[in-house]
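Let's take a walk through a protein model together, starting with the overall layout and then moving in on a few spots. Have the picture open and turn it as you read.

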Amino acid sequence: MKSHNPHIADLRKSYERAELNEEASQADPMVQFDQWLTEAIAAELPEPNAMTVATVGSDMRPSTRVVLIKGYDEHGIVWYTNYQSRKGQQLAGDPYAALQFHWVELERVVRIEGKVQKVSAEESDAYFATRPLDHRIGAWASPQSQVIANRGVLVANAARYGAQFMLHPPRPPHWGGYRLVPDRWEFWQGRKSRLHDRLSYRLQADGVWLRERLAP
């Protein structure tokens with residue numbers, strides 16, 4: 001089969017912006033993540049809070065999608081979504097996921113793996129209340145991941161729920177937060193000649209993070 005873009009194999013980039021070494025990196029991966037995310041936000045990158053979420057279904061087929069991180073601390077990384085969506089159904093069957101941040105302009109990637117759990121109803125309620133009104137209505141209007149006839153279905157649903165709830169839509173019972181509790185991290189910094197820096201962190205039985213360098 002002939003490629004539709006014969007030049008794609010010739011695309012190259014030399015990574016030379018920064019380095020990542022054991023001496024300068026943080027012993028706690030969450031602290032290292034906070035440092036890199038803060039730098040990505042300060043650099044005014046487009047959507048530095050965007051992350052890919054990978055889950056696995058009962059058929060063992062992996063699935064990815066992009067969501068927005070909404071919080072992080074020593075307990076894990078939080079995002080919000082429809083619990084009845086494809087990712088919600090997959091997490092209900094297999095509560096493990098992988099996250100990835102790709103900050104192209106900084107030549108950096110962060111990969112995170114761990115177990116996922118729902119955040120408390122109180123935490124979901126508190127965040128939902130901060131969302132713009134149309135976003136709160138949208139959470140009711142969209143049967144996420146389900147087949148619909150056309151966009152008119154969404155518009156009609158939004159109008160119906162808007163009229164029903166007016167300015168005070170409550171949080172839908174099928175909508176809320178997830179928290180991934182990391183047990184593995186990897187920080188990737190692009191380097192010249194494809195000799196990239198990769199630092200891996202693995203959580204040990206004693207609760208201490210083991211930091212190791214991986215070959216690129």
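What follows goes from the whole chain to one helix, then to some charged pairs, and then to two buried side chains.

Before anything else, keep in mind that this is a predicted model. The chain has 216 residues, and 38% of them are buried. Its secondary structure comes to 5 helices and 9 strands. If you trace the chain along the sequence, these elements turn up in the pattern α-β-β-β-β-α-β-β-α-α-α-β-β-β. The C-alpha trace spans about 60 × 55 × 40 Å along its principal axes. As for the surface, the accessible area is about 13,000 Å², and carbon and sulfur atoms account for 53% of that. One more number for the whole chain: take the contacts between residues at least 6 apart in sequence, and 64% of them join residues at least 24 apart.

Now find helix 1, which covers residues 29–42. Does its length add up? With 14 residues at 1.5 Å a residue, helix 1 should span 20 Å, and its end C-alpha atoms are indeed 20 Å apart, so the two agree. Next, look at which of its side chains are tucked away: the buried ones are Pro29, Met30, Gln32, Phe33, Trp36, Leu37 and Ala40. Look down the axis of helix 1 and you'll see these buried residues fall within an arc of 155°, so they line one face of the helix. The N-terminal end of the helix has a cap, aspartate 28, with a side-chain oxygen 2.9 Å from the backbone nitrogen of methionine 30. After helix 1 comes glutamate 44, which has a positive phi, near 55°.

On to the charges. Side chains of opposite charge can pair when their charged atoms come close. In this structure, a search of the whole model finds 10 salt bridges. A good place to start is aspartate 197, which is buried, with a relative accessible area of 6%. Arginine 191 forms a salt bridge with aspartate 197, and their closest N and O atoms are 2.7 Å apart. Arginine 191 itself is partly exposed, at 27% relative accessibility.

Aspartate 197 has another arginine to deal with: it also forms a salt bridge with arginine 213, the closest N and O atoms being 2.9 Å apart. What does this pair tie together? Arginine 213 sits in strand 9 (residues 209–213) and aspartate 197 in strand 8 (residues 197–203), so the salt bridge links parts that are 16 residues apart in sequence. Like arginine 191, which is partly exposed, arginine 213 counts as partly exposed, at 38% relative accessibility. Step back a little and you'll find a network of salt bridges that links Glu19, Glu22, Arg191, Asp197 and Arg213.

Strands 8 and 9 are also joined by another pair. Arginine 202 forms a salt bridge with glutamate 212, with 3.1 Å between the closest N and O atoms. Arginine 202 belongs to strand 8 and glutamate 212 to strand 9, so this pair ties together parts 10 residues apart in sequence. Both partners are partly exposed: arginine 202 at 30% relative accessibility, and glutamate 212 at 29%.

Let's turn to two polar residues on the inside. Glutamine 189 is found in strand 7 (residues 175–189). Is glutamine 189 buried or exposed? With a relative accessible area of 0%, it is buried. Its side chain has polar company, though. A polar atom of that side chain lies 3.2 Å from the backbone oxygen of glutamate 107, and the side chain also makes a polar contact with the side chain of arginine 108, at 2.8 Å. Leaving out residues up to four places away in sequence, glutamine 189 touches a list of residues that includes Trp36 and Asp197. You've met both already: Trp36 is one of the buried residues of helix 1, and Asp197 is part of the salt-bridge network.

The other one is asparagine 82, in strand 4 (residues 76–82). At 3% relative accessibility, asparagine 82 counts as buried. A polar atom of its side chain lies 2.7 Å from the backbone nitrogen of glutamine 84. Apart from neighbours within four places in sequence, asparagine 82 is in contact with Gly88, Ser142, Gln144, His174 and Trp175.

Note on methods
Residues are numbered from 1 along each chain as its sequence is written. This is a predicted model: local features need pLDDT of at least 70, side-chain atom pairs count only at pLDDT 80 or more; totals for chains, interfaces and linings use all residues. Side-chain values use heavy atoms; hydrogens and water are left out. A salt bridge is a side-chain nitrogen of Lys or Arg within 4 Å of a carboxyl oxygen of Asp or Glu. Buried means under 20% relative accessible area, exposed over 50%, partly exposed in between (1.4 Å probe, protein chains only). Helices (H or I, at least four residues) and strands (E, at least two) are DSSP runs, numbered from the N terminus. The expected span of a helix is 1.5 Å times one less than its number of residues. The arc is that of the directions from the helix axis to the C-beta atoms. A polar contact is a pair of N or O atoms within 3.5 Å; within protein, one must be able to donate a hydrogen and the other to accept it, and residues adjacent in sequence count only if both atoms are side-chain atoms. Contact means heavy atoms within 4.5 Å. Accessible areas come from the Shrake-Rupley method with a 1.4 Å probe; for residues, only the protein chains shown count as cover.
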